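This report looks at two parts of a protein model: a strand with its neighbours, and a metal site. The sequence and structure are shown first.

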Amino acid sequence: MWRELWTTAARAARGPRRWDGRGRGVAAWGCSAPGATVFALSSGQGRCGVAVIRASGPASGDALRILTAPRALPAARTASLRLLSDPRSGEPLDRALVLWFPGPRSFTGEDCVEFHVHGGPAVVSGVLQALGSVPGLRPAEAGEFTRRAFAHGKLNLTEVEGLADLIHAETEAQRRQALRQLDGELGQLCRSWAGTLTKALAHVEAYIDFGEDDNLEEGVLEQAPQGPPHSVPSACLPSPAADVEVRELEVALGAHLRDARRGQRLRSGAHVVVTGPPNAGKSSLVNLLSRKPVSIVSPEPGTTRDVLETAVDLAGFPVLLSDTAGLREGAGPVEQEGVRRPGRGGLEQADIIVAMLDASDLASPSSRDFLDTVVATVGARSPREGGQRLVLVLNKSDLLPAEGPRPGPGLPPSLLLSCLTGDGLHGLLEALRKELAAVCGDPSTGSPLLTRERHRHHLKACLDALGHYKQSKDLALAAEALRVARGHLTCLTGGGGTEEVLDIIFRDFCVGK
Ligand SMILES: Nc1nc2c(ncn2[C@@H]2O[C@H](COP(=O)(O)OP(=O)(O)OP(=O)(O)O)[C@@H](O)[C@H]2O)c(=O)[nH]1
Ligand SMILES: [K+]
Ligand SMILES: [Mg+2]
């Protein structure tokens, strides 16, 4: 379903975007009053076996009691079968499993209840209406349950983001990355970094407070300055030990920022662009990889006129796959501009370029021209230097003589493929999987990846502040720089208390989450 949405959306309005086809509601937080009890359908919409409706807030217990009257509240955290009735008419609504989670041991930290009802639309709307009639209850806004969990310290902000990503994960690799973030790995890392800075700050402040004092504690004295490791005059140095830790932190932050945006790519999809001379079989390959006819294939060269982008799950990685117009020999500037233009699924935007040629037509002017321009240019810059990854594919291998030599001596390493017979497809998928793992990172191993621009912003700002710390000529300024640096790490997990940031993060959630 998201594929169709994507393809249509890509045709209608091109531009860089997330690998995601769903429209997302924007939460209107203006009207949420703290202390209110909210309710919503938390399972998906539509007919289903069981639907879960939940409520959170101080009146949750009352709501449960009223809908299950005359029974008392069930035991906490134990599923109990109850008859639900409409409190206004007394009419039975459903026989349901109900759960009572007294706060703070609940998802939101508040009193919560869950109704596991039969998943028919009439049952669901009957129970929702009944809840709406209970005094003090109102429908929840998008993400409101999670926002309450955050407000009560049940989740930090990176965990909230992990939860949002987990709900939206559509490929295995995305799920792994989201789960690690939900498990709090990135948050823990930030907290340990912030802890380092707190320690360093304590040393600096101790020196400011007691530096001139003969009664300086022994431990602090032991850490008295021994050399000039940074530009704070060595006589002022509070603690070389703290200084070393700060420098180690700088190295760690730098390493995380030099992650080639792998976590962000995995979250929003890697761009794979298929390019080549006309009629090489580019659209045939796009259809093969997306397992459905998204592009028109015909023997007529020049069939594809514009960039067509489609979302595909390739070996567990989310990919935005672009089919492009064939590049004719000596293509004019307008045509070249068409494929290069950023934001249009063109070459400039590609993480991986699949360069495709007709294996039986390598000597033609358009093939030679394509090899001499696109393939030579892309191949000249390694991905390490920020260049794009290139996969060279020689298609239509079925047209080659069965016993003949391999085509293209003197070509860069290439893969033989036949879109017609499927020969070589397995090898191509394996090559793409390797390239995608390099572009997106392996979410199961290594340190947690930065998944959003927000993370990069705070780490960069933290690094900048550490730069000021190193250059500060006086201890008060050094302390202030450390405070700013630590503040950015705290913002990463706590949002820094700004409603704007929270609104942006929570609007990724649906109603009921
Ligand atoms: N024999 C053979 N024919 C193929 C193969 N792959 C594609 N074709 C045929 O080659 C022709 C062109 O295929 P397309 O997929 O439209 O090629 P394209 O590169 O997208 O073409 P343009 O969009 O016009 O640049 C069609 O007739 C395909 O059926 C293959 O592996 N073997
Ligand atoms: K064609
Ligand atoms: Mg085509």
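The sections below take the strand pairing first and the metal site second.

## Basis

The model is predicted.

## Strand S5 and its partners

Strand S5 covers residues 112-119, and 6 of its 8 residues are buried, so the rest of the structure largely encloses this strand.

S5 pairs with strand S2 (residues 48-56), and the two run antiparallel, joined by 8 bridges. In this pairing, Cys48 lies opposite Gly119 of S5. S5 also pairs with strand S4 (residues 92-101), again in the antiparallel sense, over 5 bridges. Here Trp100 has Val113 in S5 as its bridge partner. As a general point, side chains in a regular strand alternate between the two faces of the sheet.

## The magnesium site

Which protein atoms are donors to the magnesium ion (ligand 3)? They are OG of Ser283 and OG1 of Thr304, lying 2.0 Å from the ion. The two residues come from distant parts of the chain, 21 residues apart. Ser283 belongs to helix H11 (residues 282-290), while Thr304 sits in the loop between H11 and strand S8 (308-314).

Are these donor residues buried or exposed? Ser283 has a relative accessibility of 8% and therefore counts as buried. Thr304, at 16% relative accessibility, also counts as buried, because the cut-off for buried is under 20%.

A potassium ion (ligand 2) is 4.9 Å from the magnesium ion (ligand 3).

Notes. Residues numbered from 1 in each chain as written. Chains lettered and ligands numbered in written order. Predicted model: local features only at pLDDT ≥ 70, side-chain atom pairs only at ≥ 80, totals over all residues. Heavy atoms only, no water. Buried < 20%, exposed > 50% of the residue type's maximum accessible area, 1.4 Å probe, protein only. Helix = DSSP H or I, 4+ residues; strand = E, 2+ residues; numbered from the N terminus. Pairing = 2+ DSSP bridges. Donors = N, O, S within 2.8 Å, 3.2 Å for Na, K, Ca; no water.
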